[in-house]
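Reader: Happy to have you here! Could you walk me through how the two chains fit together, and how you know?

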There are 2 protein chains.
Amino acid sequence: MPEPFLFHSGMSTLSTKERILNSTEKLIAEHGFSELSIRKISQRAHTNLAAINYHFGNKQQLIDQVLERRLNNLFDIRKSMLDELNQGDSNKVCNLEQILHAFIAPALFMINDEHQGGRIFMQVLARAYAEQSESLHELMKDRYAPIIKAFAEAIGLACPELPRETIFWRFHFIIGALTYTMGHFGATSVARQMPEAEYFEKSVAELIEFAKAALRT
Amino acid sequence: MPEPFLFHSGMSTLSTKERILNSTEKLIAEHGFSELSIRKISQRAHTNLAAINYHFGNKQQLIDQVLERRLNNLFDIRKSMLDELNQGDSNKVCNLEQILHAFIAPALFMINDEHQGGRIFMQVLARAYAEQSESLHELMKDRYAPIIKAFAEAIGLACPELPRETIFWRFHFIIGALTYTMGHFGATSVARQMPEAEYFEKSVAELIEFAKAALRT
DNA sequence: ACGCAATTCAAACGACTGTTTAAATCGCTA
DNA sequence: TAGCGATTTAAACAGTCGTTTGAATTGCGT
């Protein structure tokens, strides 16, 4: 029951559970799933091996919670921004740029929130996508599919000239470009020798322009 | 020196080296890098553990050769199709659709060539991208960057109204959408309950239309 | 301050990892 | 057919893997 605040031995104020989640996230982002071991996780979290199984059951359930923790947050923000545009009327015709912003910008907020470590997570997400992670697939199907569908429908209303099927495809491709870009964020910004913050804002602005252009009629 | 044709025990006519490359490719596509072991590889290739180290040195060099084998082929085709459009004059203004076709369609050919197993490789490629594979990164930087640059310049000539930087970004996003789509090819086609061949042609057609729209001025 | 539950810990489990070794086998040439 | 280099093989190497165990420790309510 305790789950106490720990100040001893120069450690941060986070609980063991949170430290484990954070170190897992960092290790996946840095070295991928192939090199991920619970021994490295527990070392980086300054805790014991068995603490992981105690708090999460097993390795896979830990990974699942790493994904869920931030994905729930991301999709909640996306949804509420879309709802704000719709203002209670899901049949309202919204500005395309605003819709795309509601989808893309929350990823921006996450990635820029240094303290919350969102940037790290976007790389985790990209890796999980590529691994065809089963837990991610189920999360998408069960929990997030309705939100993605709501965006697709809003885009459909904003672009009445485009066939429904074309909307589906292009939105799919935009998600692909977003995922790819976020996953390669660290690497590309180094290659371009540009401050990360600047490069990041540039990425999102260009991505929104790109998506707008791709959805024009 | 032998490297003989093997007909015994119902085995295919491929050499041990080729069988190892193929089984590695399949295992990466099916279960990702995290579950890849040289024992599984050698079992599937109907050969011995040590044959891998004998023929490739170590596991990493084997993976490198899996990537190189088909990437060399893919970029050779892309390059020759672009050269054909340019007809010796790299300053010639080409049709945008033709340029995009020269970039995207070779991936189509590979993916449709059942015998060569190109479809499998595109999933390997997507996974390697997501893993930020160092060997892939070096291949791209050293060998393929000039070809990608040549495409970017051809697109620049075809879209003179777009700033050079915008071209760079959008081409980057298009590569992202292509990579993402190819990586998720198997999964999505099942979900859509459409014959693979049909779904595949649809994907490429939609992807080219998407890219064209995204590069319009 | 005692007791109990929550948490942490060290140690060990068997299974699997990539690589190396040396012997056995193969296919060609002389 | 004898010999030789190329290839294949079985066996063992030292590590690391995820998980489980039971004991030590912690912190809170009584």
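Author: Gladly. Contact means heavy atoms within 4.5 Å. By that rule, 39 residues of chain A are in contact with 39 residues of chain B. This is a predicted model, where local features need pLDDT of at least 70, side-chain atom pairs count only at pLDDT 80 or more, and totals for chains, interfaces and linings use all residues. Residues are numbered from 1 along each chain as its sequence is written, chains are lettered from A in the order in which they are written, and side-chain values use heavy atoms, leaving out hydrogens and water.

Reader: How do you know that the copies meet through the same surface?

Author: Of the interface residues of chain A, 100% are also interface residues in chain B, so the surface is the same.

Reader: What makes the two copies related as by a two-fold rotation axis?

Author: Copies are superposed by least squares on the C-alpha atoms of residues with pLDDT of at least 70 in both. A turn of 180 degrees and a shift of 0.0 Å along the axis lay chain A on chain B with an RMSD of 0.0 Å. The two copies are therefore related as by a two-fold rotation axis.

Reader: Why is the pair B:Glu165 and A:Lys202 called a salt bridge?

Author: The term asks for a side-chain nitrogen of Lys or Arg within 4 Å of a carboxyl oxygen of Asp or Glu. In B:Glu165 and A:Lys202 the closest N and O atoms are 3.9 Å apart, so the pair fits the rule. Across this interface the rule finds two salt bridges.
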